[in-house]
Amino acid sequence: MSRPLCALWVFMVLLGDRLASPYRPETEPLDPEPHEANSIVELEVPPELDGTMSDGELVPHHYPAQRAAKVVQHYLNTRHGSPYRWIELHRVNKASLEDLGQAGKKYYLEISLKEVISNTDLGQCSAEVLFSGEQDQGAPQVQCPCEGLQKLNTTAEEEALFQRLNSSATPLSGSNIPDSYGHIAPEMKPLWHLGAAAASFVMLKESNESTLYNMAQVANITQLETENGQLRFKYHVLLHDMISQEILHWKLLVSWSPAGGVSVLQTEGQPKPAESTPEDTAPTSAS
Amino acid sequence: MRKDDIMIAAGLAFLILCVQNIDCTSDKSTQEGTPWNYDYTRYHPVSEISDWMERVVTENPELVSSSVYGETFEGRNITYLKIGLGSEGVQKKAIWMDCGIHAREWIAPAFCQWFVKEILLHYKTDKKLNEMLKNMDLYVTPVLNVDGYMYSWINESTRLWRKSRSTPPEGCTCHGVDLNRNFNANWGTVGVSRDCCHNTYCGSGPVSEKEAQAVTQFVGSRVDQILCFLTIHSAGQLLLLPYGHPHISAPNYDELMAVGQAAAKAMKAVHGMDYRVGTSPDILYPNSGSSRDWARLMGIPFSYTFELRDKGEFGHLLPEEQIQPACEEAFEGALFIITYVHDKAFHNRTEIGAASVARAFWATVLASCLATMYLL
């Protein structure tokens, strides 16, 4: 009774081995010649890497499409970002570029997006980004109808936060969000997201084909008096530009309400703070 | 009856082959050989990392030694851990890994420590790893830019420092040079600033910085030995290949891409994170003077920059809760590349992680079946 069963097991083992080892390089005699790339048997080079793109088409994971897609992220966060909503670019799936001469350069993108706080997949969206020609240094123009955004419902949390901050006796303040270790106190997280949404206005305006912005940190936040039913805050944010690797300081006057969304009333770019040379760095003994 | 005997004989022969190649999953709960009260899921200042390095050497003398191979601008030691078996007085092939060339990229030194810890935990029980350590040495520098890293620990206002801490040159007022623009690889040509106050300032000349000199001298004198040069950074989730200059291609570009793609696939398998692979001018920006480019130009066939998590949400301020998952995926990527270059140099059959675990499973199934059969 057990022998036929065991034969079946052996068969399964042999089958399992075949399935478990997709990688079977040929045995080669010792030779000093370098291996050819095609000796790596199962490694596939995805089609978008083989460089044969038709006119105007861009490689999605190369930097031009990636930078344009990041601009879409900034745009969406100015429109939909809130203390409980942060939209992030997940992947660029398709991209093409149209050179409009003096009118500028227009990127056509198919991107997948994610709402990070609720970890919601927003699906695929189409977007167009126009970087204006040299003469006009205006903000990029973005169009991104994205149906996936309808899924998001953050009204309850936003109302609760609004009520809490509006009726609180002491105005809220905080600094270094996140801190050096990447930590954010739970009660500051919504204010961090709000800061990022506000920073998106600046990042959008300052973006061009040679920038890639992210908000590095909220250096400081101070709550001001509510005005016209909007909570108001003074933010000092640090932006990081990947291309220049610089940290840029901006001061923002921000207003927010669940119904009104995020508005940036004033912005002020700050010069880099003067360098300090704290004495603690000088070694007292070689380490 | 005869058919069954043949099947069983085939199974037995297969079992023997399998057992020879089993990658026994080691007991991860034993902390034997690692400083066991060291928290690898937190960021550590230089003093703690130095102490940890000393303990790693003291507690694993048969596997690890350390050496000072240079000095920073402010006169601090730059130290590597040399990890290998039977390395006394033998010139072995080697892998180079450095972390923390940019001060604010704290996840990078965290990864070097994690990497060493993983080696220590598994080298006795993981046959493949054991074999690789017999054939090769791993040179791991947990913190290359010691001055800059220490500076970034002073307070919140210094946390985002990137460069070295050399004093301002004549006619300029700011400290520091971008060490990853300072190497002698098309130095000063693209993706750099000549303004000493900028974060991509390439220095007054190629290899003007002591930290770059240390790597250049040590690695430069062992180019024939070194199979692979890995330099660890954050952020962006990228695997960058040479060269940073848009008009130059490495002769083994295809192979570098294929191996990089496979490494990225291995990384994604851990926690689902995407890592893009390509040359810097293709996927990020052109640059010159990088250590990765210099290593490739010197003839080291495999040279990669790892840009670890994340893609901008936290950037360089990666939360400590993410140290473990970031390091786990980076480890798989680094190990893939190291395994590949080892097998290429020593002409062995390549075992990739998933395949060998599956083998172990099926071998166990067969073994238990055979045991049952003979008992009945």
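Which residues touch the most other members of the largest nonpolar core?

## Nonpolar cores

In this predicted model, where local features need pLDDT of at least 70, side-chain atom pairs count only at pLDDT 80 or more, and totals for chains, interfaces and linings use all residues, side-chain values use heavy atoms, with hydrogens and water left out. Residues are numbered from 1 along each chain as its sequence is written, while chains are lettered from A and ligands numbered from 1 in the order in which they are written.

Among the 70 residues of the largest nonpolar core (buried Ala, Val, Leu, Ile, Met, Phe, Trp, Tyr and Cys residues joined through side-chain atoms within 4.5 Å; buried means under 20% relative accessible area, with a 1.4 Å probe and protein chains only), those touching the most other members are B:Ile83, B:Phe111, B:Phe115, B:Leu230, B:Tyr304 and B:Phe306. Helix H10 (residues 323-346) of chain B supplies the largest share of this core, eleven residues; helices (H or I, at least four residues) and strands (E, at least two) are DSSP runs, numbered from the N terminus. A second, separate core of 33 residues includes A:Leu194 and A:Trp250.

## The annotated residue B:Glu307

The unreviewed UniProt entry lists B:Glu307 under "active site", an annotation that may be inferred rather than shown by experiment. B:Glu307 is found in strand S8 (residues 302-308) of chain B and counts as buried because its relative accessibility is 8%. Not counting residues up to four places away in sequence, its contacts (heavy atoms within 4.5 Å) include B:His233, B:Ser234 and B:Tyr275.

Technical notes
Buried < 20%, exposed > 50% of the residue type's maximum accessible area, 1.4 Å probe, protein only.
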